[in-house]
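Please open the model in a viewer and keep the selection tool at hand. The stops below proceed from sheets to cores, and then to individual side chains.

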Amino acid sequence: MIRRNKSAYNNSGIFNKMIMLICFLLLLSFFISLTVLQYVYRIYDQQIYEKASEVLGMSSISIESELRELEQLSFTVVSDEQIQQCLRQLRNNPQPYERQVLNNKIINRLVAFAGAEKYVYSMMLMDAGDGVMTAGNREGVSQSLQDQLKPLAMEAGGSNVWYNQGTKNSLLAVRQIKSYTGSTFTLDNLGTLVIRIRIDRIIADNTESTTSKGQLIVADTLTGLAIYPEKSILLPQELAREIERPEAYRTASYDSGTYFLAKTKSSYMDWTYINATPFNGMFQQISLVKRLVVIIFACLLLLGLLLGYRFARSIVRPISKLTDRMRKIEMGDLDNLEEQALGMVSQTAQDEVSQLNRTFKMMIRRIRELIDENYSKQLIIRETELKALQAQINPHFLYNTLESINWLAKMNKQSKISEMVEALGYLLRSSIGLKDPLITLEKELSIVHSYVTIQKTRFEERLDFHMDIPKCFQDAMIPKLTLQPLIENAIRYALEPNIEPCTISITVELLEHGLDLRVSDNGPGMTAEFISALQQGRIETRGEGIGLANITERIQLVFGQEWGTGIESISGRGTTIHVRIPYLRGEVKDV
């Protein structure tokens with residue numbers, strides 16, 4: 001393959017060699033520069049991520065340090081000797097007054113613990129007998145949530161369990177209270193402790209201030225739900241997908257905007273910390289520089305190609321033009337040879353190309369002086385002979401010639417050619433023989449069939465033609481060449497502009513006093529404004545055959561002003577031409 005490419009390069013012209021060399025050098029420099037820039041930008045992005053990751057890691061360590069202290073607080077509460085003693089007494093079903101006294105003692109201890117911690121929102125203790133004691137904020141825990149937390153604490157067997165309370169910006173520390181006295185552990189279930197923690201305050205106190213549009217998001221890795229903040233800039237489904245992505249940092253576009261995201265996972269909790277920084281505020285200038293550099297290199301590339309093309313063309317074009325003219329003279333082609341084809345030839349320049357042009361121009365001038373007069377006479381004679389030959393050709397000669405071609409095609413088993421020749425012959429006979437102004441609908445459909453046969457050879461499967469004319473209507477009289485021009489127009493305006501298959505059909509409907517012949521296609525169609533302008537003659541069509549106005553005029557001349565044609569079209573969905581004629585029955589003959 002290398003040999004072939006090398007051979008092709010060696011055999012190409014000077015112009016192609018220069019263009020390829022210039023393109024190669026420009027593209028090589030462009031890709032090298034672009035690669036270096038991408039490498040520099042990647043290093044910059046990595047440094048930004050490392051900085052963001054460092055800040056995010058320090059924030060997560062501080063947050064988790066506070067959570068560990070709160071976990072230790074929950075252990076301190078459940079192991080408090082006074083609380084243990086009161087809960088054991090409550091298990092013995094004391095009298096109501098004694099129960100109230102014990103409850104007050106427990107609440108006082110909870111208040112003492114909760115009041116010393118600024119991150120504790122409230123403490124709630126549920127004893128083994130379904131009693132509930134609360135300290136701090138009076139917002140209670142619903143019975144359904146209590147029923148959910150008790151088995152969760154029992155399953156943990158006395159260990160602390162973190163429970164996310166959803167959109168309330170609070171985190172629950174849940175721990176089962178087991179009985180012990182001094183060094184004796186009976187491990188009896190005494191109740192469940194629930195500490196509501198202000199996770200928003202912990203995060204706010206242990207993270208650096210962010211921009212008004214940026215956000216630190218703490219999400220549960222298992223559920224994909226946001227623990228903080230209450231209203232995340234990422235939607236729940238966006239957040240869940242982001243947690244599952246393996247990239248440690250990336251730029252992503254969401255409904256709320258485009259952000260630079262840095263992620264880190266907690267080593268203590270099943271949490272994922274995501275720092276979302278607005279992309280426009282952080283990378284707008286860098287992105288602008290990136291685009292500017294690419295645009296500048298692209299402009300330089302185009303400018304280099306343009307200058308290289310003009311430089312190579314200025315060298316090669318005079319030589320190529322001179323070589324082309326010499327080759328024409330060598331082949332004896334003097335008919336279209338002109339001195340002006342060389343352009344202005346300098347009379348003072350001494351370079352090789354100018355000398356060749358001057359010499360060649362002098363040779364052309366001498367040759368033209370010898371052949372001008374003879375050339376003009378030969379043209380007159382040739383035109384006269386051609387007109388004489390054309391005058392000898394008559395329709396009878398054309399029919400015989402087509403018949404000969406038809407038999408020759410049949411002898412060589414070229415059925416397609418034979419079919420086309422027969423269709424063309426029938427079309428010629430039908431078009432030239434204009435003696436009868438009216439023909440039967442059957443004959444008109446035969447003309448259409450011959451025309452479509454020829455067009456199908458050209459368009460093959462792109463032309464999908466159908467005729468649905470019952471036999472009982474085929475003896476109706478119709479002006480000659482009424483339907484064929486409409487099929488021709490459908491092919492010109494519906495089939496030719498498109499590459500998709502086009503369906504053209506002819507159908508008939510019996511009206512009260514006549515017939516409605518319809519020629520339909522599924523082409524681009526026309527707007528109502530375009531149809532109105534077309535009927536008023538304000539639009540010049542590009543057709544060269546029999547137009548719709550001509551067909552309408554002939555129908556009205558034969559049958560009267562109440563008959564004629566109509567257009568029904570929807571832009572983008574196709575066009576239907578209606579031909580309305582009276583139902584005059586004629587003699588049906590086989591064609």
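Two strands are taken to pair if DSSP finds at least two bridges between them. The coordinates toured here are those of a predicted model.

**First stop: the antiparallel sheet**

Begin with strands β8 and β9, the latter spanning residues 257-265; the two pair in the antiparallel sense over 6 bridges. Within this pairing, select Y249 and then A262, its bridge partner in β9. Extending the selection outwards shows an open sheet of 5 strands, ordered β7-β6-β10-β9-β8 and paired antiparallel. Its edge strands are β7 (226-228) and β8 (249-254), each of which pairs on one side only. On average, neighbouring strands of this sheet are turned by 35° against each other, direction ignored.

**Second stop: the mixed sheet and its helix**

Next, select β12, β14, β15, β17 and β16, which in that order form an open sheet of 5 strands with mixed pairing. Strands β12 and β16 (564-570) have a single partner strand each, so one side of each is left without a neighbour in the sheet. Here the average turn between neighbouring strands is 15°, direction ignored. Strand β16 pairs with β17 in the antiparallel sense over 7 bridges; E568 has T576 in β17 as its bridge partner. Now add helix α13 (residues 483-495), which lies across β12, β14 (502-510), β15 (514-521) and β17. The helix runs at about 145° to β14.

**Third stop: the nonpolar cores**

Which residues have the most contacts inside the largest nonpolar core? They are L67, L70, L110, M123 and W271, in a core of 40 residues. Helix α2 gives the most to this core, with 7 residues. Centre the view on L70: leaving aside its neighbours within four places in sequence, this residue is in contact with E117, Y119, V120, W162, I197 and I202. A second, separate core has 39 residues, among them L441, F465, I487 and I506.

Return to helix α2 (residues 14-78) and select V55, which is found in it. V55 counts as buried because its relative accessibility is 19%, and the cut-off for buried is under 20%. Then pick N275: its C-alpha atom is separated from that of V55 by 9.4 Å, although the two residues are 220 residues apart along the chain.

**Fourth stop: aromatic pairs**

How many aromatic pairs are there to display? The count comes to 2. One is formed by W271 and Y273, edge-to-face, with 6.5 Å centre to centre and 70° between the planes. Both W271 and Y273 are buried. The pair of F473 and Y583 is also edge-to-face, at 5.7 Å centre to centre and 75° between the planes. This pair links distant parts of the chain, 110 residues apart: F473 sits in the loop between β12 (463-468) and β13 (477-479), and Y583 in the segment after β17 (574-582). F473 is buried, with a relative accessible area of 12%, whereas Y583, at 22%, is partly exposed.

**Last stop: cysteines**

Finally, select C86 and C472. Is C86 buried or exposed? With 4% relative accessibility, C86 counts as buried, while C472 is partly exposed, with a relative accessible area of 45%. A search of the whole structure finds 0 disulfides.

Notes
Residues are numbered from 1 along each chain as its sequence is written. This is a predicted model: local features need pLDDT of at least 70, side-chain atom pairs count only at pLDDT 80 or more; totals for chains, interfaces and linings use all residues. Side-chain values use heavy atoms; hydrogens and water are left out. Helices (H or I, at least four residues) and strands (E, at least two) are DSSP runs, numbered from the N terminus. Buried means under 20% relative accessible area, exposed over 50%, partly exposed in between (1.4 Å probe, protein chains only). Axes are lines fitted to C-alpha atoms, for helices over the stretch in contact, and angles run from 0 to 180 degrees between N-to-C directions. Rings of Phe, Tyr and Trp (its six-membered ring) pair if their centres lie within 6.5 Å; planes under 30 degrees apart count as stacked, over 60 as edge-to-face and the rest as tilted. A disulfide is a pair of cysteine sulfur atoms within 2.5 Å. A nonpolar core is a set of buried Ala, Val, Leu, Ile, Met, Phe, Trp, Tyr and Cys residues joined through side-chain atoms within 4.5 Å. Contact means heavy atoms within 4.5 Å.
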